[in-house]
Amino acid sequence: MLSVSGQSPPHDSVETSRGFAGTLGTGVTSTIPAIALSLEDGNAIIAAGGIGQSATETSLKTEPASGYALYDGTSMANPHVSAVAALVWSYKPTWTNAQIREALEKTAEDRGTAGRDNYYGFGIVRAKAALDYLRATYP
């Protein structure tokens, strides 16, 4: 079971409820809905006959009337950069993961403090620039 509570608008956080330590730990919140069960928790659910039973989930999250929401941080950067990495890598699957990462890092549009920083990371990912870099560096 997860309980959802507001962190600071427009963010929502998820905290594990009593009975499950989960991956977040006791009292830790995250904007990523997640839960993990230990072997003991899984066995307790099986012993209680909980497998195959129905459950009701209640979310306190509300969306703006427009249907759009604002998200930021690594939780949103990760899927975008991963998608660009997959796209670039699909051009030539024999490139290595290290080469793909190198290209993404070297061709990112730098923001904030010069170079990698804790707020912007390496900057804004640029798919075409990364592909051009790889084609020139590792033909």
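Which residues does Gln99 touch, not counting residues up to four places away in sequence? They are Thr94, Leu134 and Tyr138. Gln99 lies in helix H3 and is buried, with a relative accessible area of 17%. The cut-off for buried is under 20%, so a value of 17% places Gln99 in that class. The model in which these contacts are found is a predicted one. The paragraphs below start from the whole chain and come back to helix H3 and its surroundings.

The protein chain contains four helices and three strands. In sequence order the pattern is β-β-β-α-α-α-α, with the strands preceding the helices. The chain has 139 residues, of which 17% count as buried. Its exposed surface comes to about 10100 Å², and carbon and sulfur atoms account for 58% of that area. Considering contacts between residues at least 6 apart in sequence, 32% join residues at least 24 apart.

The largest nonpolar core consists of ten residues. These are Val84, Ala85, Val88, Trp95, Ile100, Ala103, Leu104, Ala130, Leu131 and Leu134. Three elements each give two or more residues to this core: helix H2 (74–91), helix H3 (97–107) and helix H4 (127–137). One core member, Leu134, shows how residues from separate parts of the chain come together. Leaving aside neighbours within four places in sequence, Leu134 is in contact with Val88, Trp95, Gln99, Ile100, Ala103 and Pro139. Among these partners, Val88, Trp95, Ile100 and Ala103 are themselves listed in the core. The contact with Gln99 is the one already met from the other side, where Leu134 appears among the residues that Gln99 touches.

Helix H2 can be taken next. It has 18 residues and reaches 26 Å from its first C-alpha to its last, close to the 26 Å expected at 1.5 Å a residue. Within H2, the residues Val84, Ala85 and Val88 are buried. They lie on the same side of H2 because they cover an arc of only 105 degrees around the axis. On the other side of the helix, Leu87 and Ser90 are exposed. The buried residues of H2 pack against H3 and H4, and Val84, Ala85 and Val88 also appear in the core described above.

Helix H3 can be read in the same way. Which of its residues are buried? They are Gln99, Ile100, Ala103, Leu104 and Thr107. Seen down the axis of H3, these residues fall within an arc of 135 degrees, so they line one face of the helix. Asn97, Ala98, Arg101 and Lys106 are exposed on the other side of H3. The buried residues of H3 pack against H2 and H4. Of the buried set, Ile100, Ala103 and Leu104 belong to the nonpolar core.

The remaining topic is charge pairing. Side chains of opposite charge can pair when their charged atoms come close. A search of the whole structure finds three salt bridges. One of them joins Glu105 and Arg101, whose closest N and O atoms are 2.7 Å apart. Glu105 and Arg101 are separated by about one helical turn because they are four residues apart in helix H3. Glu105 counts as partly exposed, at 28% relative accessibility, whereas Arg101 is exposed, with a relative accessible area of 55%. Arg101 is also among the residues on the exposed side of H3.

Another salt bridge links Asp132 and Lys128, with the closest N and O atoms 2.9 Å apart. These two residues are four apart in helix H4, so about one helical turn separates them. Asp132 is partly exposed, with a relative accessible area of 33%, and Lys128 is exposed, with a relative accessible area of 58%.

The salt bridge still to be described is between Arg111 and Glu109, where the closest N and O atoms are 2.7 Å apart. Arg111 is partly exposed at a relative accessible area of 36%, and Glu109 is partly exposed at 32%.

Methods: Residues are numbered from 1 along each chain as its sequence is written. This is a predicted model: local features need pLDDT of at least 70, side-chain atom pairs count only at pLDDT 80 or more; totals for chains, interfaces and linings use all residues. Side-chain values use heavy atoms; hydrogens and water are left out. A nonpolar core is a set of buried Ala, Val, Leu, Ile, Met, Phe, Trp, Tyr and Cys residues joined through side-chain atoms within 4.5 Å. Buried means under 20% relative accessible area, exposed over 50%, partly exposed in between (1.4 Å probe, protein chains only). Contact means heavy atoms within 4.5 Å. The expected span of a helix is 1.5 Å times one less than its number of residues. The arc is that of the directions from the helix axis to the C-beta atoms. Accessible areas come from the Shrake-Rupley method with a 1.4 Å probe; for residues, only the protein chains shown count as cover. A salt bridge is a side-chain nitrogen of Lys or Arg within 4 Å of a carboxyl oxygen of Asp or Glu.
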